[in-house]
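Got your viewer open and a hand on the mouse? Let's take a walk around this one, selecting a few things at a time.

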Amino acid sequence: MSQSNAPAPVGIIGGTGLTTLSGIEITGQREVSTPWGEPSAALVEGRLGNQPVIFLSRHGNPHRIPPHQVNYRANLWALHQAGVRTVVGVNAVGGIHEAMGPAHIVIPDQIIDYTWGRGSTFFEGDLEEVTHIDFTYPYAEEARSVMIDAANSLGLPFSDFGVYGATQGPRLETAAEIVRLERDGCDLVGMTGMPEAALAAELKMNYVCLGLVVNWAAGKSDHIITMDEIEAAIAQGMSGVKRILEESMDG
Ligand code: HPA
């Protein structure tokens with residue numbers, strides 16, 4: 001089959017706890033560079049079921065790039081350049097909403113952006129015109145539906161809604177900051193959801209977030225947040241995330 005008849009690859013950006021994607025039948029690996037610099041890692045090309053996919057480890061492989069230093073522009077540009085038009089961003093998050101405790105999976109529907117100082121747009125520099133993309137609904141509804149259907153058909157507990165509060169990191173939040181985020185309407189908190197979603201939208205790519213809650217957000221439990229707790233939630237919940245990815249590519 002010629003390249004042009006092949007279905008477009010789906011991009012999967014793996015975050016904390018998903019540096020490599022088991023289950024992917026790897027067909028190639030490419031180091032690429034972009035006008036925005038180097039992506040976090042090589043693009044891993046392969047198939048998940050019948051679907052061609054391109055996997056990119058957001059924090060590098062091994063995991064070494066902190067959330068505020070990820071070159072989100074290079075990552076999205078590289079995926080777009082490789083023919084990707086739909087991106088699934090897998091994100092570890094803290095849970096604020098009472099139903100969103102450790103190991104819970106969330107497919108959020110909104111974002112509030114608290115990040116700063118990140119390369120957050122392709123529309124800057126020597127421009128011929130100013131561009132403001134619409135970002136009313138930051139996640140692609142069709143791609144969200146595919147993930148929601150996959151999670152439902154697997155019978156996994158998950159939430160099909162949620163406001164993702166994107167914080168700067170790399171430190172976790174104070175309890176008061178979480179109270180403020182909750183007052184703002186955030187259900188989840190994470191450090192990598194933005195500008196990734198907006199950059200995908202600027203490139204007219206469909207973007208959906210698959211969030212895995214790895215801890216109660218600061219002040220939401222009776223203890224401080226530990227890496228042990230985070231690792232335990234990843235061990236418990238990431239298999240569900242992978243199953244949703246596999247199931248969603250099967251259709
Ligand atoms: N806050 C911000 N980002 C996170 C958290 C958190 O509690 N957990 C995982 N990523």
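Start by selecting helix α5, residues 227–250, in this predicted model. Which residues of α5 are buried? Colour Ala233, Ile234, Gly237, Met238, Val241, Ile244, Leu245, Glu247, Ser248 and Met249, and you have them. While you look at how they sit on the helix, keep this in mind: an α-helix has 3.6 residues a turn, so residues three or four places apart point the same way.

Now click Gly237. A kink of about 40 degrees in α5 is centred there. Next, pick the C-alpha atoms at the two ends of the helix: they are 34 Å apart, which agrees with the 34 Å that 24 residues should span at 1.5 Å a residue.

Stay on α5 and select Val241. What does Val241 touch beyond its neighbours within four places in sequence? Show Leu18, Val90, Ile105, Leu210 and Leu212, since those are its contacts. Val241 also belongs to the largest nonpolar core, which has 71 residues. Along with Ile12, Val93, Met147, Ala197, Val208 and Leu210, Val241 touches the most other members of that core. The element that gives the most to this core is β11, with eight residues. As a bit of background, nonpolar side chains in soluble globular proteins tend to be buried together.

Time for the ligand. Select the residues that surround it: Ala92, Val93, Gly94, Thr167, Leu172, Glu173, Val189, Gly190, Met191, Val214, Asn215 and Ala217. Three elements give two or more residues each to this shell: β5 (86–95), β10 (188–190) and β11 (206–216). The largest share comes from β5, with three residues. Try colouring the shell by class, and you'll get seven nonpolar, four polar and one charged residues. Did you spot Val93 again? It's in this shell and on the list of best-connected core members.

Next stop, the backbone oddities. Most residues other than glycine have a negative phi, and most peptide bonds are trans. Here are some exceptions to hunt down:

- Asn61 and Pro62 are joined by a cis peptide bond, with omega about 5 degrees. You'll find Pro62 in the loop between β4 (51–57) and α1 (72–81).
- Gly169 and Pro170 are joined by a cis peptide bond too, with omega about 0 degrees. Look for Pro170 in the loop between β9 (163–166) and α3.
- Ala103 has a positive phi of about 80 degrees, and sits in the loop between β5 and β6 (105–106). Ala103 is partly exposed because it has 18 other C-beta atoms within 10 Å.
- Lys204 has a positive phi near 60 degrees, in the loop between α4 (196–202) and β11. With 9 other C-beta atoms within 10 Å, Lys204 is exposed.

Now select Phe135, in the loop between β7 (110–113) and α2 (141–154). Is Phe135 buried or exposed? Exposed, because it has 12 other C-beta atoms within 10 Å, and 12 or fewer counts as exposed. Not counting residues up to four places away in sequence, Phe135 touches Ala198 and Ala201. Pick the C-alpha atoms of Phe135 and Gln110 as well: they are 9.9 Å apart in space, with their positions 25 residues apart in sequence.

Finish at Arg180 in helix α3 (residues 175–184). It is partly exposed, with 14 C-beta neighbours inside 10 Å. Draw a line from its C-alpha to that of Ile65, 115 residues apart along the chain, and your viewer should read 28 Å.

Technical notes: Residues numbered from 1 in each chain as written. Predicted model: local features only at pLDDT ≥ 70, side-chain atom pairs only at ≥ 80, totals over all residues. Near = placed C-beta within 6 Å. Helix = DSSP H or I, 4+ residues; strand = E, 2+ residues; numbered from the N terminus. Nonpolar A, V, L, I, M, F, W, Y, C, P; charged D, E, K, R; others polar. Expected span 1.5 Å × (residues − 1). Bend = angle between axes of the 7 residues up to and from the residue. Buried ≥ 20, exposed ≤ 12 C-beta atoms within 10 Å, placed from the backbone. Core = buried A, V, L, I, M, F, W, Y, C linked by C-beta atoms within 7 Å. Contact = placed C-beta atoms within 7 Å.
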